[in-house]
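Reader: Before I accept any label in a description, I want to see the rule behind it. Please set each value against its definition.

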Amino acid sequence: MRFGAAVLRSYGGPFTVEEVMLAEGPAEGEVLVRIAGCGMCRTDLAVRRSAGRSPLPAVLGHEGSGVVVETGSAGTGLHVGDHVVLSFDSCGHCRNCRGAAPAYCESFASLNLFGGRGENAARFTDAAGAALAPRWFGQSSFAEYAVVPARNAVRVDPSLPLELLGPLGCGFLTGAGAVLNSFGAGPGDTLAVFGAGAVGLAAVMAAHAAGAVTVAVDRHPGRLALAESLHALPLPAASDDLPDRIRRLTGGGVMYALDTTGSARLINDALRSLRPTGRLGLVARLHAALPLEPGTLDRGRGISHICEGDAVPGLLIPRLTALWQAGRFPFDRLIRTYPLADVNKAEHDCDTGLVVKPVLIPDGRERRAGCSTAPPV
């Protein structure tokens, strides 16, 4: 079959929307999905800075949602017509996968980032028959169709706005999962979120849904205003003595902090904002050594990296959609939709912070816009 997709052919070049070919349908354990929408994540854009480790040319996109149109075998647990959200790839048989921790799959980096799932890779080519890189995050969903392992696909209620659900498979999953899974935050807990982008604002929404008090730190007033509208206490990142201000706002400091920025200064501020035995979670990848100031880990404070919100997608995604239906996780407010043909504009707006979460719509229609005017951060 032939269909349209956004192809990245060079690390410094634009996406090109072109026809690609799938020589064979889904194999055993796979499903073919007609993509309704796909979120653009900063991990997609980080391919440009991967020093060649992520293979090109490639179809990126790993926050897809759509409708199952074909199954490769009866054992997938999915059926034609099912509405699904696509999440990250995992092997399913390593110790961590068997222990319900697929985000820590021993093959996570290879499968998701570096084209490590090579079986049947030759079936996916450009219109001239030249090979494209193996599926990105098991999806490559900047396209009209995607073949995915069934374990990546989570069935959802068909009454939900399918074209907007894709970011629940990664960005929103990460922020919400950090709060609900990694921290286990509940009523009366306190949280500081550093960086009010898609992941940070998902954490803000999840914390409010859980009954926690949240301080949101960002350097741009527009993002702080959005965080405040989602029930966070806003605090400019440039504030003098940021930890002291957080301690005053929360009656002595926060039990949990989430950093989405990768800034060494803010990470140290986050640690100083914690109560004794408090925990800081990092979600951004660090590209240099992290200097910790003396005393930041005193009194039982801890720091760790959180991958994909410690989520089992099949459990957390339905929980988040149920919260949305109850009006307690309004993720659609963070979304602006773009036709797939406008993928380069979506990348520009995402990279510069003009939009919190771009979602590409393959059929070309801009279906719904949420909070689309947040200024750059």
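Reader: How many residues of each class are in the lining of the second largest pocket?

Author: The lining has six nonpolar, two polar and one charged residues. Ala, Val, Leu, Ile, Met, Phe, Trp, Tyr, Cys and Pro count as nonpolar, Asp, Glu, Lys and Arg as charged, and the others, Gly among them, as polar. The model is a predicted one, in which local features need pLDDT of at least 70 and side-chain atom pairs count only at pLDDT 80 or more, while totals for chains, interfaces and linings use all residues. Residues are numbered from 1 along each chain as its sequence is written, and side-chain values use heavy atoms, with hydrogens and water left out.

Reader: What makes a residue part of the lining of the second largest pocket, and which residues line it?

Author: A 1 Å grid is laid over the protein atoms alone; a cavity is a set of points where a 1.4 Å probe fits but cannot get out, a pocket is an open set with protein on both sides within 12 Å along at least five of seven lines, and lining residues have an atom within 4 Å of a point. Those residues are Phe88, Ser90, Pro102, Arg151, Ala153, Val154, Val312, Pro313 and Gly314. β9 (153–155) and α9 (313–325) each supply at least two of them; helices (H or I, at least four residues) and strands (E, at least two) are DSSP runs, numbered from the N terminus. The volume of this pocket is about 150 Å³, where grid points are joined across faces, edges and corners and a volume is the space filled by probe spheres set on the points.

Reader: How many cavities of 30 Å³ or more are there, and what lines the second largest cavity?

Author: The count is two cavities of 30 Å³ or more. The second largest cavity holds about 60 Å³ of space. Its lining has 13 residues, with Pro55, Ala58, Ala133, Pro134 and Trp136 nearest the centre. By class they divide into nine nonpolar, three polar and one charged.

Reader: Why is α8 called largely enclosed by the rest of the structure?

Author: Seven of its ten residues are buried, so the helix is largely enclosed. Buried means under 20% relative accessible area, exposed over 50%, and partly exposed in between (1.4 Å probe, protein chains only). The buried residues are Leu266, Ile267, Asn268, Asp269, Ala270, Leu271 and Ser273. They pack against β10 (190–194), α7, β13 (254–259), β14 (274–282) and β15 (302–305).

Reader: What residues of α7 and α8 meet?

Author: Leu242, Pro243, Ile246 and Arg247 in α7 meet Leu266, Asp269, Arg272 and Ser273 in α8, contact being heavy atoms within 4.5 Å. These residues comprise four nonpolar, one polar and three charged.

Reader: Why is glutamine 139 called buried?

Author: Its relative accessible area is 1%, so glutamine 139 falls under the 20% limit. Glutamine 139 sits in the loop between β7 (124–126) and β8 (145–149). Leaving aside neighbours within four places in sequence, its contacts include Gly61, His62 and Leu86.

Reader: Why is threonine 250 buried or exposed under that rule?

Author: At 11%, threonine 250 is also under 20%, so the term is buried. Threonine 250 lies in the loop between α7 and β13 and touches Thr190, Val215 and Arg275, not counting residues up to four places away in sequence.
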